[in-house]
Amino acid sequence: MRLKLVVGNWKMHGGIEQNQCLLDLVVEGTRALKGVSCVVCTPYPYLSQTQSLLGNTHILWGAQNVSQYDKEGAYTGEVSAKMLIDFLCHYVIVGHSERRIMYGEDSLTVALKFRAVQRVGLIPILCVGETLEQREAGITEQILAEQLDAVIELMGVDALAKSVLAYEPVWAIGTGKTATPQQAQGAHIFIRNRVLAHNDKIAAELKILYGGSVKANNATELFTMPDIDGGLIGGSSLIANEFIAICHAAQN
Ligand code: PGA
């Protein structure tokens, strides 16, 4: 059985004081959870603070992006996967649609980032998802396949055994428009079947998170779908009560 995973993606939000307050509440509010892993991906400058606040708790943490380059060097503004190890990160989000669309990351760049993360022993959370135009043009599956296959081609399917996938329809991110549980399940089963064509064990064990306007009041119906193994939570991860309630909704 796949255990549920709930990951908060803070994006470019935070501040020393508000982080402390939020993380203290989240630690307290999720203490009694059973069978759910909770993770927060905070901005780089706060990873040290995140480590010191969460170090002795049940909550793990990670980063939202990483350089595709492994070796240190002249890459102004970039952060390597190896640096993230210094802050005891466990997870790194790669290929978020905001990175793909606003920062021009193509699927090969995302695959290289995925590789950089795994090379240092961290777990990539690979985001895939279609835009509204792509959905309306009926090419959702083609887009998901292209984004997933770029990683399989570079790394081989075995690499997926030590990764997490996140299906995040772009039209549902930060818009308040959630995919229906059936729409999300349809995309998740498509992704799982695509991996299954290569390796059935890896497909069966692969965690596929749903992301896009998940809230306390829609999390349960999403998380009860058979191929949805938890959530990647943006806006609601900044509100302690919302995030805590979403983590509880993931409890089996
Ligand atoms: P949202 O963001 O929950 O605010 O829609 C999800 C994400 O971008 O990971």
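Is Tyr-167 buried or exposed? In this predicted model, Tyr-167 counts as buried, with a relative accessibility of 0%. Its ring partner, Tyr-210, gets the very same label: Tyr-210 is also buried, at 0% relative accessibility. The ring centres of Tyr-167 and Tyr-210 sit 6.3 Å apart and the ring planes meet at 50°, so this pair is tilted. The angle falls between the 30 and 60 degrees that bound the tilted class. Tyr-167 belongs to strand 6 (residues 164-167) and Tyr-210 to strand 7, so to speak two distant parts of the chain, 43 residues apart, linked by one pair.The structure holds two aromatic pairs. In the other pair, the rings of Tyr-69 and Tyr-75 have centres 4.3 Å apart and planes at 5°. That angle is under 30 degrees, so Tyr-69 and Tyr-75 count as stacked. Tyr-69 is partly exposed, at 39% relative accessibility, and Tyr-75 is partly exposed too, with a relative accessible area of 34%.

Next come the pockets. The largest pocket has a volume of about 500 Å³. It is lined by 18 residues, and the closest to its centre are Lys-11, Met-12, Gln-64, Arg-99 and Tyr-103. Helix 4 gives the most to this lining, with three residues. Sorted by type, the lining of the largest pocket splits into eight nonpolar, seven polar and three charged residues.

The second largest pocket holds about 270 Å³ of space. Among its 15 lining residues, Ala-161, Ser-163, Glu-205, Leu-206 and Lys-207 are the closest to the centre. Here the largest share of the lining, three residues, comes from helix 9 (residues 200-205). The lining of the second largest pocket divides into eight nonpolar, two polar and five charged residues.

Helix 5 (residues 107-119) is worth tracing on the model. Its 13 residues reach 18 Å from the first C-alpha to the last, close to the 18 Å expected at 1.5 Å a residue. Plenty of names turn up on the buried list for helix 5, including Val-110, Phe-114 and Val-117. What do the buried residues of helix 5 pack against? Their partners are helix 3 (81-86), strand 4 (91-94), helix 4 (97-102), strand 5 (123-128) and helix 7 (140-155). Just after helix 5 comes Gly-121, with a positive phi of about 90°.

Positive phi values also turn up away from glycine. Most residues other than glycine have a negative phi. Leu-88 has a positive phi, near 55°, and lies in the loop between helix 3 and strand 4. With a relative accessible area of 48%, Leu-88 is partly exposed, because that value does not pass the 50% needed to count as exposed. Ser-213 likewise has a positive phi near 55°. Ser-213 sits in the loop between strand 7 (207-211) and helix 10 (216-223). At a relative accessible area of 10%, Ser-213 is under the 20% cut-off and therefore buried.

Finally, there is Gln-183, which is found in helix 8 (residues 181-196). Gln-183 is partly exposed, with a relative accessible area of 30%. Leaving out neighbours within four places in sequence, Gln-183 is in contact with Arg-135 and Trp-171. The C-alpha atoms of Gln-183 and Gly-211 are separated by 12 Å, with their positions 28 residues apart along the chain.

Methods: Residues are numbered from 1 along each chain as its sequence is written. This is a predicted model: local features need pLDDT of at least 70, side-chain atom pairs count only at pLDDT 80 or more; totals for chains, interfaces and linings use all residues. Side-chain values use heavy atoms; hydrogens and water are left out. Helices (H or I, at least four residues) and strands (E, at least two) are DSSP runs, numbered from the N terminus. Buried means under 20% relative accessible area, exposed over 50%, partly exposed in between (1.4 Å probe, protein chains only). Contact means heavy atoms within 4.5 Å. The expected span of a helix is 1.5 Å times one less than its number of residues. On a 1 Å grid over the protein atoms alone, a cavity is a set of points where a 1.4 Å probe fits but cannot get out, and a pocket is an open set with protein on both sides within 12 Å along at least five of seven lines; lining residues have an atom within 4 Å of a point. Grid points are joined across faces, edges and corners, and a volume is the space filled by probe spheres set on the points. Ala, Val, Leu, Ile, Met, Phe, Trp, Tyr, Cys and Pro count as nonpolar, Asp, Glu, Lys and Arg as charged, and the others, Gly among them, as polar. Rings of Phe, Tyr and Trp (its six-membered ring) pair if their centres lie within 6.5 Å; planes under 30 degrees apart count as stacked, over 60 as edge-to-face and the rest as tilted.
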